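Thank you all for coming; I would like to take you through one structure this morning, piece by piece. Please have the sequence and the coordinates open while I talk.

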Amino acid sequence: MATLSETVSETAPPQRRPKRADTPVAVGSHVVLIIWSLVVIGPLVWVFISSFKTDREIVSGDPLALPQQWNLDNFIKALTEGQLGRAMINTVLVVGAALVLVMLLGAMCAYVLARFEFFGRRAIYYLMLAGLTFPVFLAIVPLFFVLQNLGVLNTLPGLTLTYVAFALPFTVFFLYSFFQGLPGEISEAAAIDGAGRWRTFFSVMLPMATSGMASVAIFNFLGLWNQYLLPVALNTSRENWVLSQAVASFVSQAGYQSRQGQLFAAVVITIIPVLIAYILFQRQLQGSVSQGTMK
Amino acid sequence: MWSFDSISFFLVFLGLPLALFLTLVIWPFLQAAFYSFTNWGGFSQEFDIVGFDNYVRLVQDGTFLTALVNNVKLAIVIPLVTLVIALIFATLVTVGGRGIGQTVGVKNSGFYRVVSFFPYVIPAVVTAVIFMKVFDPSDGLLNRLLPAAFEQNWLGSVSTAMPASMVVIVWAGVGFYMLLFIAAIKSIPAEVYEAARLDGAGRLRTLWSVTLPSIRETVQTAWIYIGIAALDAFVFMHILNNSGGPDNSTLVMPQYLFRLAFSQNQFGYASAVGVAMAVVTLVFAALVFTINRLSGGSTRSS
């Protein structure tokens, strides 16, 4: 892992008096970045405004005009008729459970691989690499039958276990380098003090890995929250749908023009929690991205 | 050595994750490879081993070849466009500001960074749904904003369906890679930039001769990530054009696999498509490594 100490500080370095000749460059930079910001925000604003409009307004009105009335009908209908509320609960349950499990199992596995010498260690490491590179699609057909044989096809626990299994290689990889970087003396000291292997891990090593764990957890959360392929193939009964499936289902229903507003409301309901979480945690997330590049 | 503590430790710490991983990831992969040599339909227990028949059929299957070509187009265009835009924006944010000698990012760079990253936190499904509406021929945002002469059925005509889909994927991807590059650029010691600027290097020259060589490893990693994503692209394509688009112009391999497996019950053949996808992915990764090495980069994989 590269040292973080040499990086340019987050805040701009002490600035000399800007020279006039550089102004066009700065202006040009701003113009380009503002245009991109508009391209990013524009569609989101449009969706947000439209989610409050009646279907009549959406079809015939000015797309960027504010709604005549800010009513929440679309949201209520999307949550109840569209079963978005149910899907939201399912997603929170599945992603929450999977996240806790994969962080725990991933950290344990990475720790053993990183700090113990034993027969087959390299083989396991390469197997994980294979699991990370191969397209999930290749596994999807047999996976369907594996879950069926285990009796967990189309169930939330089945989906949770699948999420854990597929998020495991990434988690192990990231934490592997992290555990390798931790100083060996500390675990030795713990052993001399009489701590067993379990104790050493949970009381000494795991707390030291907190920052690495946080980064991986953020990525896993986003990855699992956004997962679409696995549920669409392996979790087909309607009452078990996760958010991504429910939102996608509005597309086919929106063919009937009367569901337009609900579709927009569904999109807003899905985006808002993630966007708020992102704005709150964005510093942390940026730290995670930079750690990811420097392993 | 072999106390209860040690044995239980290894069983739980290594055994548990490994059991899950082997059952739900590796075992299905192996099975898929095996089924690709059978004519298994999926629901009966009976099938015959047909050798390489599925693969022979694959290379003669026009629909599959269309899907393969579409994925290859995506794997060429998406990384190139996304990473170039991301690199330019990352440069502007970190070293595009005013000032001689010291390199300074533009003012309010935090704002641009946060906004650009929005698309990454929006689920891909939702991004696709948003843009399906943006491109909607009758009441989509784009046609409403454009003068009547430029209106198009963006996702419904052969000439625009693929480019429009690509725009969506680029929109979704730029923010993440921009952040990745910003982090990499910030880890370049500031003195290197100062030295280059004092030696009279302009901004473009600095980008080409200082920034790019220094963040080469990051670019390679990013290229592999996004290339592999483009070789899939299932979520976007599935939502934007469920049927594969006009004349299959946006059909991608995973969509075809999905159709074969779950609507046509050709599990054996679908598995062969999956194996082909895996091979294409590995070939792509090998290509990126080779190109990077031939053009003078280090061979160390990160």
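Asn154(A) sits in the loop between helix H6 (136-150) and H7 of chain A, and I should say at once that everything I describe comes from a predicted model. The phi angle of Asn154(A) is near 60°, which is a positive value in a residue other than glycine. Is Asn154(A) buried or exposed, or something in between? There are 15 C-beta neighbours inside 10 Å, and because a residue would need 20 or more to be called buried and 12 or fewer to be called exposed, Asn154(A) counts as partly exposed.

Chain B offers another asparagine to set beside this one: Asn248(B), although not a glycine, has a positive phi of about 55°. Asn248(B) is placed in the loop between helix H11 (234-240) and helix H12 (253-263) of chain B, and with 19 C-beta neighbours inside 10 Å it counts as partly exposed.

Let me go back to chain A and to the helix that follows the loop of Asn154(A). The axis of helix H7 (residues 156-181) of chain A comes within 6 Å of the axis of helix H4 (residues 84-115) of chain A, and the two cross at roughly 35°. The crossing of H4(A) and H7(A) is right-handed, and the residues of their contact divide into 24 nonpolar, five polar and one charged.

Still in chain A, the domain assignment gives domain 1 (25-71) and domain 2 (77-293), with 32 Å between their centres, taken over C-alpha atoms. The contact between these domains takes nine residues from domain 1 of chain A and eight residues from domain 2 of chain A. On the domain 1 side, helix H1 (23-50) and helix H2 (55-60) of chain A each supply at least two residues, and by class that side has four nonpolar, three polar and two charged residues.

Turning to chain B as a whole, we find 13 helices and zero strands, and the C-alpha atoms fill a box of roughly 75 × 75 × 40 Å along the principal axes. Of the 302 residues in chain B, 50% are buried. Among the contacts in chain B with a separation of 6 or more, 69% are between residues 24 or more positions apart.

One helix deserves a closer look, namely helix H10 (residues 216-230) of chain B: at 1.5 Å a residue its 15 residues should span 21 Å, and the end C-alpha atoms are 21 Å apart, which agrees. H10(B) is mostly covered, with 11 of its 15 residues buried, including Trp223(B), Ile224(B) and Gly227(B).

Pro163(B), by contrast, is exposed, because just 11 other C-beta atoms lie within 10 Å; this proline belongs to helix H7 (residues 158-186) of chain B. Its C-alpha atom is separated by 59 Å from that of Asp5(B), 158 residues away along the chain.

Finally, how many residues of chain B are in contact with chain A? There are 78 of them, and they meet 79 residues of chain A. The largest share of the chain B side, 21 residues, comes from helix H1 (residues 4-35) of chain B, and by class that side has 56 nonpolar, 15 polar and seven charged residues.

Definitions and conventions: Residues numbered from 1 in each chain as written. Chains lettered and ligands numbered in written order. Predicted model: local features only at pLDDT ≥ 70, side-chain atom pairs only at ≥ 80, totals over all residues. Contact = placed C-beta atoms within 7 Å. Helix = DSSP H or I, 4+ residues; strand = E, 2+ residues; numbered from the N terminus. Nonpolar A, V, L, I, M, F, W, Y, C, P; charged D, E, K, R; others polar. Axes fitted to C-alpha atoms, helices over the stretch in contact; angles between N-to-C directions. Left-handed = near helix turned anticlockwise from the far one by under 90°. Expected span 1.5 Å × (residues − 1). Domains from an automatic or database assignment.
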